[in-house]
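This report covers one protein chain, from its overall build to a few individual residues. The structure is shown first.

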Amino acid sequence: MKKTVMITGANRGIGRASVRAFAENGYDIWACARTPSEVFETDMAGESIRTGAAITPVYFDLLDETAVQGGVKQILSEKRNVDVLLNCAGIPSGGLLTMTSLENLREVYQVNVFAQVQIMQLVARRMMRQKSGCIINLCSVGGMEANPGYLAYGSSKAAMIWITRCAARELGQYNIRVNGIAPGLVDTDMGGFKSEAEREKVLERTSLRRMGKPEEIAAAALYLASEDAAFMTGQMMILDGGRV
């Protein structure tokens with residue numbers, strides 16, 4: 001039987017590139033997005049025809065705890081192993097400490113932390129029964145650097161880095177590996193959240209002098225899910241083009 005992967009944030013950016021990469025490498029996919037759209041359905045159907053992968057769109061809003069639970073239960077109801085969980089969904093946010101409202105902070109944490117943990121909890125229970133599994137969380141170098149203006153986003157990603165390592169320690173006894181990827185500036189809609197001046201400032205610090213490509217991050221996720229990374233857990237793979 002084919003291996004399976006559940007990918008959140010599958011409708012664009014790194015999530016969309018990951019659907020393509022995993023489909024091309026023989027995985028069946030639950031492609032999770034926030035809202036149904038004809039474009040997304042057509043895109044996933046085309047990818048399925050092209051690669052031969054079974055790609056099932058699943059919809060839920062990470063801001064809605066009940067919807068998240070329902071979406072994951074829909075996946076688990078298929079009674080198939082979930083071999084890989086790839087948490088790509090997330091939202092950016094900018095704002096200084098004194099300008100960040102608690103409402104904004106709660107929204108960012110709900111999407112970038114609480115919903116991610118909720119999904120991990122639900123899927124991990126299935127993986128524990130399987131005695132196998134791989135969880136990959138998209139974190140960020142923004143969770144490792146303390147830069148002004150990114151209180152909500154940076155701290156949410158810092159939380160996910162800690163959660164990834166903690167989960168790896170807890171789940172290793174069940175043969176479940178948990179790793180993270182910490183991209184730098186990537187050419188996606190989220191990367192475009194920064195102003196042109198901010199992007200140039202980051203690129204000046206980047207050894208390769210360019211933004212990353214979504215396909216490069218997807219390739220890293222594919223490696224972490226593979227048997228080549230079978231002895232790797234609790235790690236953070238930094239892909240930032242050499243931000244030194």
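The text below goes through fold, overall dimensions, charges, salt bridges and selected residues.

**Fold and dimensions**

The model is predicted. Seven helices and seven strands make up the secondary structure of the chain. Their order along the sequence is β-α-β-α-β-α-β-α-β-α-β-α-α-β.

For a compact globule of 244 residues, a radius of gyration near 18 Å would be expected, and the value of 17 Å for the chain agrees with this. Taken along the principal axes, the C-alpha atoms fill a box of roughly 50 × 35 × 35 Å.

Of the 244 residues, 51% are buried. Among contacts with a separation of 6 or more, 76% are between residues 24 or more positions apart. The exposed area of the chain is about 12100 Å², and carbon and sulfur atoms supply 54% of it.

**Charges and salt bridges**

The chain has 27 positive and 26 negative charges, and the mean positions of the two sets are 6 Å apart. How many salt bridges does a search of the whole structure find? The search gives 13. The table lists three of these pairs.

| Pair | Closest N to O distance |
|---|---|
| R12 and D189 | 3.5 Å |
| E24 and R50 | 2.7 Å |
| E47 and R50 | 2.4 Å |

The salt bridge between R12 and D189 has its closest N and O atoms 3.5 Å apart. This pair links distant parts of the chain, with the two positions 177 residues apart in numbering: R12 is in the loop between β1 (4-7) and α1 (13-24), and D189 is in the loop between β6 (176-183) and α6 (196-205). D189 has a relative accessible area of 56%, so this residue counts as exposed.

E24 and R50 meet through their side chains at 2.7 Å, N to O. This pair also links distant parts of the chain, since E24 belongs to helix α1 and R50 to helix α2 (residues 38-51), 26 residues apart. The relative accessibility of E24 is 46%, so E24 counts as partly exposed. R50 is likewise partly exposed, because its relative accessibility is 48%.

R50 also forms a salt bridge with E47, where the closest N and O atoms are 2.4 Å apart. Here both partners lie in helix α2, three residues apart, which is about one turn of the helix. Is E47 buried or exposed? With a relative accessible area of 5%, E47 is buried. Salt bridges with shared partners join R16, R20, E24, D43, E47, R50 and E215 into one network.

**Two buried positions**

Q118 is part of helix α4 (residues 102-130). Its relative accessibility is 11%, below the 20% limit, so Q118 counts as buried. Which residues does Q118 contact, leaving aside its neighbours within four places in sequence? They are E65, V68 and Q69.

A89 is located in the loop between β4 (84-87) and α4. A89 is buried because its relative accessible area is 15%, which is under 20%. Not counting residues up to four places away in sequence, A89 touches T8, G9, L62 and Q116. As a distance reference, the C-alpha atoms of A89 and M144 are separated by 19 Å, and these residues are 55 residues apart along the chain.

**Backbone positions with positive phi**

Most residues other than glycine have a negative phi. Where does K131 lie? K131 lies in the loop between α4 and β5 (133-138). The phi of K131 is near 65°, a positive value in a residue other than glycine.

N175 has a phi near 65° and is also a residue other than glycine with a positive value. The position of N175 is in the loop between α5 (151-171) and β6. N175 is exposed, because its relative accessible area is 51% and the exposed class begins over 50%.

Technical notes. Residues are numbered from 1 along each chain as its sequence is written. This is a predicted model: local features need pLDDT of at least 70, side-chain atom pairs count only at pLDDT 80 or more; totals for chains, interfaces and linings use all residues. Side-chain values use heavy atoms; hydrogens and water are left out. Helices (H or I, at least four residues) and strands (E, at least two) are DSSP runs, numbered from the N terminus. The radius of gyration is taken over C-alpha atoms; the globule rule is 2.2 Å times the number of residues to the power 0.38. Buried means under 20% relative accessible area, exposed over 50%, partly exposed in between (1.4 Å probe, protein chains only). Contact means heavy atoms within 4.5 Å. Accessible areas come from the Shrake-Rupley method with a 1.4 Å probe; for residues, only the protein chains shown count as cover. Lys and Arg count as positive and Asp and Glu as negative; His and the chain ends are not counted. The place of a charge is taken as NZ of Lys, CZ of Arg, CG of Asp or CD of Glu. A salt bridge is a side-chain nitrogen of Lys or Arg within 4 Å of a carboxyl oxygen of Asp or Glu.
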